[in-house]
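Got the viewer open and a coffee in hand? Let's take a walk through the chain, one selection at a time.

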Amino acid sequence: MNAVEIFFSPTGGTEKVAHMLGGHWSENSVKIDLSDAKADFTKCAITPEDMVLVAMPSFGGRAPTVAIERLKRIAGNGARCTLVCVYGNRAYEDTLVEMEDAAKECGFRVIAAVAAVAEHSILPQYAAGRPDASDKAQLADFAAQIAGKDSEISSLPGNRPYKKSGGAGLVPKPTKDCIKCGLCAEKCPVQAIDPASFAADAKKCIGCMRCVKQCPKDARKVNGLMVSVAGMAIKKACSVRKDNELYL
């Protein structure tokens, strides 16, 4: 049996949570990065004996469309699958059921699901420093409970049809400190950044903040006023620490 971690993790939080779980099943788990725009996911080899973890962030209560599309190119071949939704302490709404539908369409057997909290990618004051030591211990316990399970999960929280998906909203732009290294364009999961001007196409950008996180000169920013407004809008929902949740 191989442990396989399939994840879409633009800023690293989702990948960290995925490995906190998958790392307990195998120290040398196979990693498949759905944020790699150049990868051919049809060539991913999953066997019925594999233990698979699929992890995605929640963007406004939905799974990222591009992550779902890329996951659907992978043949599950009846392998056991645990879904992991990572969110910034606000809410994950329909993310897990959307992931469940996609995983089943791929041929995975969904045996468990986890909703985990990680630092908010746009508003890092919310869930700052998470996953922390307490989260790590809890996720280790979740992994132990999942390890021996074989039966498929019965139900998950969320609605079908899913809530309407919002637009990117906050689109990062280069500042005067940009040195034109090209890393942002190279690493963008949806290839939304012009490699000549380093401006992002607002129609393609998914607001994942990867370019902001990757920039070596901290030279990509989003509109400060819009960030402040967004922060105030979710302040109440994010003010109380939320626990990670396990569904078996």
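On this tour, "contact" means heavy atoms within 4.5 Å, and that is the sense of "covers" whenever we ask what sits over a helix. One thing before we click: this is a predicted model.

**Stop 1: the whole chain**

Start with everything shown as a cartoon. You should find seven helices and eight strands in the protein chain. The radius of gyration is 18 Å, close to the 18 Å that the globule rule gives for 248 residues, so the chain is as compact as a globular protein of that length. Along the principal axes, the C-alpha atoms fill a box of roughly 55 × 40 × 35 Å.

Now color by burial. Of the 248 residues, 46% are buried. Switch on the surface and you're looking at about 11800 Å² of accessible area, 51% of which belongs to carbon and sulfur atoms. The fold also brings distant stretches of chain together: among contacts between residues at least 6 apart in sequence, 82% join residues at least 24 apart.

**Stop 2: helix α1**

Select residues 13-22, which make up helix α1. This helix is mostly covered, with seven of its 10 residues buried. Show those as sticks: Gly13, Thr14, Val17, Ala18, Met20, Leu21 and Gly22. What lies over them? The cover includes β1 (3-7), β3, β4, β5 and α4 (133-147).

**Stop 3: helix α3**

Next, select 95-106 for helix α3. Try a distance between the C-alpha atoms at its two ends: they are 17 Å apart, which agrees with the 16 Å that 12 residues should span at 1.5 Å a residue.

Is this helix enclosed or open? Nine of its 12 residues are buried, so α3 is largely enclosed by the rest of the structure. The buried set is Thr95, Leu96, Val97, Glu98, Met99, Glu100, Ala102, Ala103 and Cys106. To see what covers them, bring up β3 (51-57), α2 (65-71), β4 (80-87), β5 (109-117) and β8 (245-247), which are among the covering elements. Then step just past the end of α3 to Gly107, where phi is positive, about 100 degrees.

While you're here, add Asp101, Lys104 and Arg160 to Glu100: the four are linked in a network of salt bridges.

**Stop 4: Val117 in β5**

Click on Val117, in strand β5. With 0% relative accessibility, Val117 counts as buried. Which residues touch it, leaving aside neighbours within four places in sequence? Val117 is in contact with Tyr87, Asn89, Ala127, Arg130, Pro131, Asp135, Lys242 and Asn244. For a sense of scale, draw a line from the C-alpha of Val117 to that of Lys136: they are 19 residues apart along the chain and 11 Å apart in space.

**Stop 5: a tour of salt bridges**

Keep Asp135 from that contact list and add Arg241. The two form a salt bridge, with their closest N and O atoms 3.4 Å apart. Asp135 lies in helix α4 and Arg241 in the loop between α7 (224-238) and β8, so this pair ties together parts that are 106 residues apart in sequence. Asp135 is buried, with a relative accessible area of 1%, whereas Arg241 is partly exposed at 42%.

The structure holds 13 salt bridges, so there are others to visit. Select Glu93 and Arg90, whose side chains meet at 2.6 Å, N to O. Glu93 is partly exposed at 31% relative accessibility, and Arg90 is partly exposed too, at 27%. Then try Asp177 and Lys176, which meet at 3.6 Å. Asp177 is partly exposed, at 42%, while Lys176 counts as exposed at 79%.

**Stop 6: the cysteines**

Finish by showing cysteine side chains. How many disulfides are there? With a cut-off of 2.5 Å between sulfur atoms, the count comes to zero. Cys205 is in no disulfide, and its nearest cysteine sulfur, that of Cys211, is 6.6 Å away. At 13% relative accessibility, Cys205 counts as buried. Move on to Cys215, which is in no disulfide either; the nearest cysteine sulfur belongs to Cys181, 6.1 Å away. Cys215 is buried as well, with 18% relative accessibility.

Definitions and conventions:
Residues are numbered from 1 along each chain as its sequence is written. This is a predicted model: local features need pLDDT of at least 70, side-chain atom pairs count only at pLDDT 80 or more; totals for chains, interfaces and linings use all residues. Side-chain values use heavy atoms; hydrogens and water are left out. Buried means under 20% relative accessible area, exposed over 50%, partly exposed in between (1.4 Å probe, protein chains only). Helices (H or I, at least four residues) and strands (E, at least two) are DSSP runs, numbered from the N terminus. The expected span of a helix is 1.5 Å times one less than its number of residues. The radius of gyration is taken over C-alpha atoms; the globule rule is 2.2 Å times the number of residues to the power 0.38. Accessible areas come from the Shrake-Rupley method with a 1.4 Å probe; for residues, only the protein chains shown count as cover.
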